[in-house]
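Please open the structure in your viewer and keep the sequence panel beside it, since each stop on this tour asks you to select something and then look at what is there.

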Amino acid sequence: AINDDIIDYSTKEGAKLYSKATSNFMGEDLFDVDNVAFPIFMNNVMERATEMNFVNSEETGILHIPKDITNPYEDLVNMTVNHGEVTWEMIKEYEESYIETRAAQDTHNLYQSLMQVQKGRQK
């Protein structure tokens, strides 16, 4: 289940969770944007999100974007599978709906993890 409690990063447990959540989940594997590697990369993104409870088996969480923000728990689109159905406007509107929540922390942590993957590519 998704944990909605805000993470206290000043605690040992919070710092450990942040470190794990923001680490490079691709390891030494490099990611190139091509038709073969992209689905594999998106699968790895979903695996990290599931491992860190950013998403759950009920298909909710930060990677499931509502088609209509006025119904945020209905008609969700999984960004890692159906990314072509999600617009930047949909993402922005959804993210603005959960500022200062655990979901915002999870989004930040996933972003930092993606940046670690990108840094790995630049070496």
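The tour below goes from the whole chain to single helices and then to pairs of side chains.

**Before selecting anything**

What you see is a predicted model, in which local features need pLDDT of at least 70 and side-chain atom pairs count only at pLDDT 80 or more, while totals for chains, interfaces and linings use all residues. Residues are numbered from 1 along each chain as its sequence is written, and side-chain values use heavy atoms, with hydrogens and water left out.

**The whole protein**

Show the chain as a cartoon, and you should find 4 helices and 2 strands, which follow the pattern α-α-β-β-α-α when read along the sequence. Here helices (H or I, at least four residues) and strands (E, at least two) are DSSP runs, numbered from the N terminus.

Now switch to a surface, of which the protein exposes about 8,100 Å², with carbon and sulfur atoms supplying 51% of that area; such areas come from the Shrake-Rupley method with a 1.4 Å probe, and for residues only the protein chains shown count as cover. Of the 123 residues, 34% are buried, where buried means under 20% relative accessible area, exposed means over 50%, and partly exposed lies in between (1.4 Å probe, protein chains only). A contact means heavy atoms within 4.5 Å, and among contacts between residues at least 6 apart in sequence, 61% join residues at least 24 apart.

**Helix α3 and its two sides**

Select residues 88–96, which form helix α3, and colour its buried residues, Met90, Ile91 and Tyr94. Looking down the axis of α3, you will see these buried residues fall within an arc of 95 degrees, so they line one face of the helix; the arc is that of the directions from the helix axis to the C-beta atoms. What do the buried residues of α3 pack against? Add residues 64–66 to the selection, and you have the answer, strand β1. On the face turned away from the buried side, α3 carries the exposed residues Trp88, Glu89 and Lys92.

Keep Lys92 selected and add Glu96, with which Lys92 forms a salt bridge whose closest N and O atoms are 3.8 Å apart. Both residues lie in α3, 4 residues apart, or about one turn of the helix, and Glu96 counts as partly exposed because its relative accessibility is 47%.

**More salt bridges**

Side chains of opposite charge can pair when their charged atoms come close. A salt bridge is a side-chain nitrogen of Lys or Arg within 4 Å of a carboxyl oxygen of Asp or Glu, and a search of the whole structure finds 5 of them.

Next select Arg48 and Glu51, whose side chains meet in a salt bridge (3.6 Å, N to O). Being 3 residues apart in helix α2 (residues 37–51), Glu51 and Arg48 are separated by about one helical turn. Is each of the two residues buried or partly exposed? Arg48 is buried, with a relative accessible area of 8%, whereas Glu51, at 43% relative accessibility, counts as partly exposed. Add Lys20 to the view, and you have a network of salt bridges that links Lys20, Arg48 and Glu51.

Then move to Arg102 and Asp106 in helix α4, which are 4 residues apart and so separated by about one helical turn. Their side chains meet in a salt bridge (3.0 Å, N to O), and both Arg102 and Asp106 are buried.

**Gln105 in helix α4**

Stay in helix α4 (residues 102–122) and select Gln105, which counts as buried because its relative accessibility is 13%. Leaving aside residues up to four places away in sequence, Gln105 touches Asp5, Ile6, Ile7 and Tyr9.

**Tyr18 and the aromatic pairs**

Select Tyr18 in helix α1 (residues 12–21), and show its partners as well: not counting residues up to four places away in sequence, Tyr18 touches Tyr9, His108, Asn109 and Gln112. For a view across the sequence, pick Tyr18 and Ser113, which are 95 residues apart in sequence and 9.9 Å apart in space, C-alpha to C-alpha.

Rings of Phe, Tyr and Trp (its six-membered ring) pair if their centres lie within 6.5 Å, and planes under 30 degrees apart count as stacked, over 60 as edge-to-face and the rest as tilted. By this rule the count comes to 3 aromatic pairs. The rings of Tyr9 and Tyr18 have centres 5.2 Å apart and planes at 75 degrees, so this pair is edge-to-face. For your last stop, select Tyr94 and Tyr98, whose ring centres are 5.1 Å apart and whose planes are at 80 degrees, so this pair is edge-to-face; both Tyr94 and Tyr98 are buried.
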